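Dear colleague,

I am handing over the structure we spoke about, placed just below so that you can open it beside this message. Please read the notes after it with the coordinates on screen.

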Amino acid sequence: MKKILLLGILIPTLLHAQRWHINVLGGISNYAGDLQSKPITLDQSFAAFGVGAQYDVTRHFSVLSTLSLMKVGAADKYNKADLQPRNLSFQTQIFEWNLMGEYDLFDITKKVFTPYVMGGIAVYHFNPYAFDSLGEKIYLQPLSTEGEGLPEYPGQKPYSLVQFAIPFGAGIKLRITDNVVVAYEVSFRKLFTDYLDDVSTRYVDKAILLNERGPKAVEMAYRGGEVKGGDPNYPVDGTVRGGSKYKDFYYFTGIKVSIALISKKDPYYGRGRIDCPPRN
């Protein structure tokens with residue numbers, strides 16, 4: 001009962017303050033990992049979109065939440081020359097929900113522009129896949145390409161397709177009208193997995209992988225034989241396949257449009273934009 005009464009008090013208060021915004025994001029996403037030659041690049045980028053809500057706690061600090069759909073991917077054929085013979089590739093859709101705090105250096109209700117920084121927490125889903133030699137889409141996680149979950153490799157634990165991340169970034173806002181702000185931002189996600197691209201450690205024994213997961217797992221674990229002049233021989237057990245010292249991460253860069261839902265009578269923003277119905 002106390003919780004219901006508290007909500008009954010808080011909700012009308014928040015709605016009356018009308019410091020809410022609708023945010024729409026659009027831009028490109030990319031990732032850094034074993035199949036990408038540069039940590040930050042526009043090469044092999046994909047479109048990214050997001051929509052969310054924002055509440056201004058003060059004139060400088062806001063809390064915002066966003067649902068995003070991104071895509072990342074990369075291929076060894078665009079990688080460093082010494083890694084191209086490995087011939088691995090991947091793509092994955094990323095569905096992300098985040099909750100972040102955002103701090104504006106200047107008061108955007110009084111200034112034309114302001115730099116800002118942000119950070120928080122996120123939950124995301126990914127599912128790496130690649131296309132085999134016949135063009136068929138193959139999801140990689142069930143194949144245990146590096147022995148994840150196989151009894152012969154107890155140290156290789158299966159990776160979860162739903163994980164936490166720490167998003168952080170910065171940008172600059174520009175006020176277009178009284179209730180519309182456009183921002184350019186760059187944000188990164190610190191991950192706690194090195195398997196966003198399904199590549200992390202070493203090759204496992206071909207016979208074991210074949211017996212446990214079948215010929216498709218062997219085919220997708222090493223694809224050097226598909227390259228013209230490449231080595232068709234599967235690497236021996238323990239050969240380095242990827243680098244696990246640094247975790248993968250993905251990032252977004254693009255435009256955010258923020259529309260304030262405010263009334264003419266709201267002194268927080270000055271002159272209003274969306275009228276509230278008059279009281280009888």
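What follows is an account of what was found, going from the overall fold to the strand pairing, the core, the cavities and a few backbone details.

Please keep in mind throughout that this is a predicted model. The chain has 280 residues, of which 44% count as buried, and its secondary structure comes to three helices and 10 strands. Along the sequence these elements follow the pattern α-β-β-β-β-β-β-β-β-β-α-α-β. Among the contacts in the chain with a separation of 6 or more, 71% are between residues 24 or more positions apart.

Part of the strand pairing can be followed from β3 through to β8. β3 and β4 are antiparallel and are paired over 15 bridges, with Leu64 having Met100 in β4 as its bridge partner. β4 is in turn joined to β5 by 10 bridges, again in the antiparallel sense; here Leu99 has Ile121 of β5 as its bridge partner, and Tyr103 stands opposite Val117 in β5. Val117 also stands opposite Ala170 in β8, which belongs to the antiparallel pairing of β5 with β8 (residues 162–175), made through 11 bridges.

The largest nonpolar core holds 37 residues, and those that touch the most other members are Tyr31, Ile94, Tyr124, Leu196, Leu209 and Tyr250. At least two residues of this core come from each of β1 (20–32), β3 (61–75), β4 (89–104), β5 (113–125), α3 (215–221) and β10 (249–261), and α3 gives the most, with four residues. As general background, nonpolar side chains in soluble globular proteins tend to be buried together. If you would like one residue to start from, take Ile94: leaving aside residues up to four places away in sequence, Ile94 touches Ser68, Leu69, Met70, Val72, Tyr124, His125, Phe126, Leu196 and Tyr250.

Turning to empty space, a search of the whole structure finds three cavities of 30 Å³ or more. The second largest cavity contains about 120 Å³ of space, and of the 17 residues that line this cavity, Leu25, Thr66, Ser68, Glu185 and Arg189 are the closest to its centre. β1, β2 (46–56), β3, β4, β9 (180–191) and β10 each supply at least two residues of that lining, with the largest share, four residues, coming from β3. Ser68 therefore appears in two of these descriptions, as a residue touched by Ile94 and as one of those closest to the centre of the second largest cavity.Some backbone details complete the notes. Helix α2 (residues 206–213) is capped at its N-terminal end by Asp205, a side-chain oxygen of which lies 3.0 Å from the backbone nitrogen of Ala207, and α2 is followed by Gly214, whose phi is positive, near 95°. Positive phi values are also found in residues other than glycine: phi is near 60° in Asn87, which lies in the loop between β3 and β4, and near 50° in Ser144, which is found in the loop between β7 (137–139) and β8. Are these two residues buried or exposed? Asn87 counts as buried because its relative accessible area of 18% is under the 20% cut-off, and Ser144, at 3% relative accessibility, is buried as well.

With best regards

Note on methods
Residues numbered from 1 in each chain as written. Predicted model: local features only at pLDDT ≥ 70, side-chain atom pairs only at ≥ 80, totals over all residues. Heavy atoms only, no water. Core = buried A, V, L, I, M, F, W, Y, C linked by side-chain atoms within 4.5 Å. Buried < 20%, exposed > 50% of the residue type's maximum accessible area, 1.4 Å probe, protein only. Contact = heavy atoms within 4.5 Å. Polar contact = N/O pair within 3.5 Å; in protein donor to acceptor, adjacent residues only side chain to side chain. Pairing = 2+ DSSP bridges. 1 Å grid on protein atoms, 1.4 Å probe; cavity = no way out; pocket = protein on both sides within 12 Å on 5 of 7 lines; lining within 4 Å. Points joined across faces, edges and corners; volume = space filled by probe spheres on them.
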